[in-house]
Each structure stands twice: as C-alpha cells, then as structure tokens.
Amino acid sequence: MFNCSNMHLYIYGRLYMGVSELEFCQSVEENLKECDGYIEAVIKACVCHNIDIAGGAKLISQPIIEKIQSEGENINLLPKFSKLPV
C-alpha cells in the first residue's frame, strides 16, 4: 500500500510506539508530496510507522493540527468556525 522503506526507530527520548514527535511530523511533511492533503499524509505516516491513528494524533504538532482542521472544514468533515478579521 505505502512505501515505508525509510522508517527509523529511536530507543531513548520522547516517543510513542518507537517514533518521536519530530520524526513523525517530518514524515507527514514528506508524505505531502505524494498525498492529496494533510489528512491523507497523517494516515500514511501512521501506516509507515505501524502506529494507530489515535497514537499519530498525539504526535502531530499544533501547526499541522490547524492545517488538518482547515482541510476538514473545506471538505465539510468539520463544521466551519467563523474567524474574526485580523
């Protein structure tokens, strides 16, 4: 399904199922080249690192969360929130 040949595991440090937060976010950003959006890129990163989606949610950074929320609103998966003009 997905090519996961460049998977790395760390032994020590802040990890979830052998994957650091930084490594997971970098994997998501790399997957964007091949995916249609952030939601698909996160799913692909979870598959490549052999972790469940809930575990992947613990590893993504706030900017990626905001991009996923915006993407979800644009494709009507999430309700749109009004934003005040800045």
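**Core, helices and surface of a predicted four-helix chain**

The largest nonpolar core of this predicted model comprises 15 residues, and Phe24, Val28, Val42, Ile60, Ile64 and Ile68 have the most contacts inside it. Helices α1, α2 and α4 (62-74) each supply at least two residues of this core, and α2 gives the most, with five. A nonpolar core is here a set of buried Ala, Val, Leu, Ile, Met, Phe, Trp, Tyr and Cys residues joined through side-chain atoms within 4.5 Å. Buried denotes under 20% relative accessible area, exposed over 50%, and partly exposed the range in between (1.4 Å probe, protein chains only). In soluble globular proteins, nonpolar side chains tend to be buried together.

The model is a prediction in which local features need pLDDT of at least 70 and side-chain atom pairs count only at pLDDT 80 or more, while totals for chains, interfaces and linings use all residues. Residues are numbered from 1 along each chain as its sequence is written, and side-chain values use heavy atoms, with hydrogens and water left out.

The protein chain has four helices and two strands, arranged along the sequence as β-β-α-α-α-α. Helices (H or I, at least four residues) and strands (E, at least two) are DSSP runs, numbered from the N terminus. Of the 86 residues in the protein chain, 34% are buried. Among contacts with a separation of 6 or more, 52% are between residues 24 or more positions apart; contact means heavy atoms within 4.5 Å.

The mean pLDDT of the protein chain (the predictor's confidence in each residue, from 0 to 100) is 81, and 78% of the residues score at least 70. By element, the lowest mean pLDDT belongs to strand β1 (residues 15-16), at 67, and the highest to α2, at 94. Over residues 5-13 the pLDDT is below 50, and this stretch has 10 contacts in the model beyond near neighbours in sequence. Where pLDDT is low, the predicted coordinates should not be read in detail.

Glu23, Phe24, Cys25, Ser27, Val28 and Asn31 are the buried residues of α1. Their cover includes β2 (19-20), α2, α3 (53-59) and α4. Not counting residues up to four places away in sequence, Phe24 touches Val19, Val42, Ala45, Cys46, His49, Ile51, Gly56, Leu59 and Ile60. Ser27, also located in α1, counts as buried because its relative accessibility is 11%. Outside its neighbours within four places in sequence, Ser27 is in contact with Ala45 and His49. Gln26 belongs to helix α1 (residues 21-31) and is partly exposed, with a relative accessible area of 42%. The C-alpha atoms of Gln26 and Ala45 lie 9.3 Å apart, across 19 residues of sequence.

In α2, the buried residues are Tyr38, Ala41, Val42, Lys44, Ala45, Cys46 and Cys48, and these pack against α1, α3 and α4. After α2 comes Asn50, which has a positive phi near 60°.

One salt bridge is found in a search of the whole structure, the criterion being a side-chain nitrogen of Lys or Arg within 4 Å of a carboxyl oxygen of Asp or Glu. The side chains involved are those of Glu34 and Lys44, at 1.9 Å from N to O. Glu34 lies in the loop between α1 and α2 and Lys44 in helix α2, so the pair ties together parts that are 10 residues apart in sequence. Glu34 is exposed, with a relative accessible area of 58%, whereas Lys44 counts as buried at 6% relative accessibility.

At the surface, the protein chain exposes about 6200 Å², of which carbon and sulfur atoms supply 57%. Accessible areas come from the Shrake-Rupley method with a 1.4 Å probe, and for residues only the protein chains shown count as cover. Ile43, Val47 and Ile53 make a nonpolar surface patch of about 230 Å². Patches are made of residues with over 30% relative accessible area and no salt bridge, like charges being joined within 9 Å and nonpolar side chains (Val, Leu, Ile, Met, Phe, Trp, Tyr) within 5 Å. Within this patch, Val47 is part of helix α2 (residues 38-48) and counts as partly exposed at 37% relative accessibility.

Lys67 is placed in helix α4 and is partly exposed, with a relative accessible area of 38%. Lys67 and Gly37 are separated by 30 residues in sequence and by 9.1 Å in space, C-alpha to C-alpha.
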